[in-house]
Amino acid sequence: MKHLTEEDLILLYYGEPGVPYQYRMHLAECRECRSAAESLAATLEVCNEWTVPEPGAEFERRVWARVGPQISVRREARWFPVWAAAAVMAALIVIAFIAGELRAIRSLLFLQRVFPIRRAGAYSKSPWPTIWIAPPCC
Ligand SMILES: [Zn+2]
């Protein structure tokens with residue numbers, strides 16, 4: 001087996017799950033890897049002794065003062081405003097409605113051409129002609 005990588009040694013140091021059993025066996029048998037693991041452990045122990053410094057009371061205010069203007073610039077830099085998107089959606093709805101109506105009219109005109117049509121305007125008092133579409137059997 002090849003020697004363990006530094007990444008493997010770190011996983012072993014922290015006891016991460018999923019590390020193959022062969023890694024532990026190799027570490028127990030290989031003096032070179034064990035030496036590297038002890039050196040790495042000594043380095044990581046030093047890192048564990050360091051404490052994270054507490055941010056000052058003004059830290060949050062200073063960060064927001066620096067970051068805040070950039071956030072508002074991003075909002076203004078939107079290339080497609082919300083009102084335009086709403087207008088486009090409204091236009092698409094109107095176009096879809098008109099397209100549906102035109103299709104219905106085309107269907108009606110097709111039916112008028114295929115099937116015989118009787119106009120009953122002469123019999124009706126309504127100023128609008130009444131159109132009956134007779135089925136092909138009549
Ligand atoms: Zn080794």
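**Exercise 1. Trace the order of elements in this predicted model from the N terminus on.**

Solution. Start by counting: the protein has five helices and two strands. Next, walk along the chain from the N terminus, and the elements read α-α-α-α-α-β-β.

**Exercise 2. Work out how α1 and α3 cross, and which residues make the contact.**

Solution. Begin with the two elements: α1 covers residues 6–14 and α3 covers residues 31–49. Their axes come within 10 Å and cross at roughly 65°. Now look at the hand of this crossing, which is right-handed. Then pick out the residues in contact: α1 brings E6, L9, I10, L12 and Y13, while α3 brings A36, A37, L40, A41 and L44. Finally, sort them by class: nine are nonpolar, one is charged and none is polar.

**Exercise 3. Compare the span of α3 with the expected one, then decide whether α3 lies largely buried or in the open.**

Solution. Take the length first: α3 has 19 residues, and 27 Å separate its first C-alpha from its last. At 1.5 Å a residue, 27 Å is expected, so the two values are close. For burial, recall that a buried residue has 20 or more other C-beta atoms within 10 Å of its own. In α3, one of the 19 residues is buried, so the helix lies largely in the open.

**Exercise 4. Find what share of the whole protein is buried, and what share of its contacts join residues at least 24 apart.**

Solution. Burial comes first: 3% of the 138 residues count as buried. For the contacts, keep those between residues at least 6 apart in sequence; 32% of them join residues at least 24 apart.

Conventions: Residues numbered from 1 in each chain as written. Predicted model: local features only at pLDDT ≥ 70, side-chain atom pairs only at ≥ 80, totals over all residues. Axes fitted to C-alpha atoms, helices over the stretch in contact; angles between N-to-C directions. Helix = DSSP H or I, 4+ residues; strand = E, 2+ residues; numbered from the N terminus. Left-handed = near helix turned anticlockwise from the far one by under 90°. Contact = placed C-beta atoms within 7 Å. Nonpolar A, V, L, I, M, F, W, Y, C, P; charged D, E, K, R; others polar. Buried ≥ 20, exposed ≤ 12 C-beta atoms within 10 Å, placed from the backbone.
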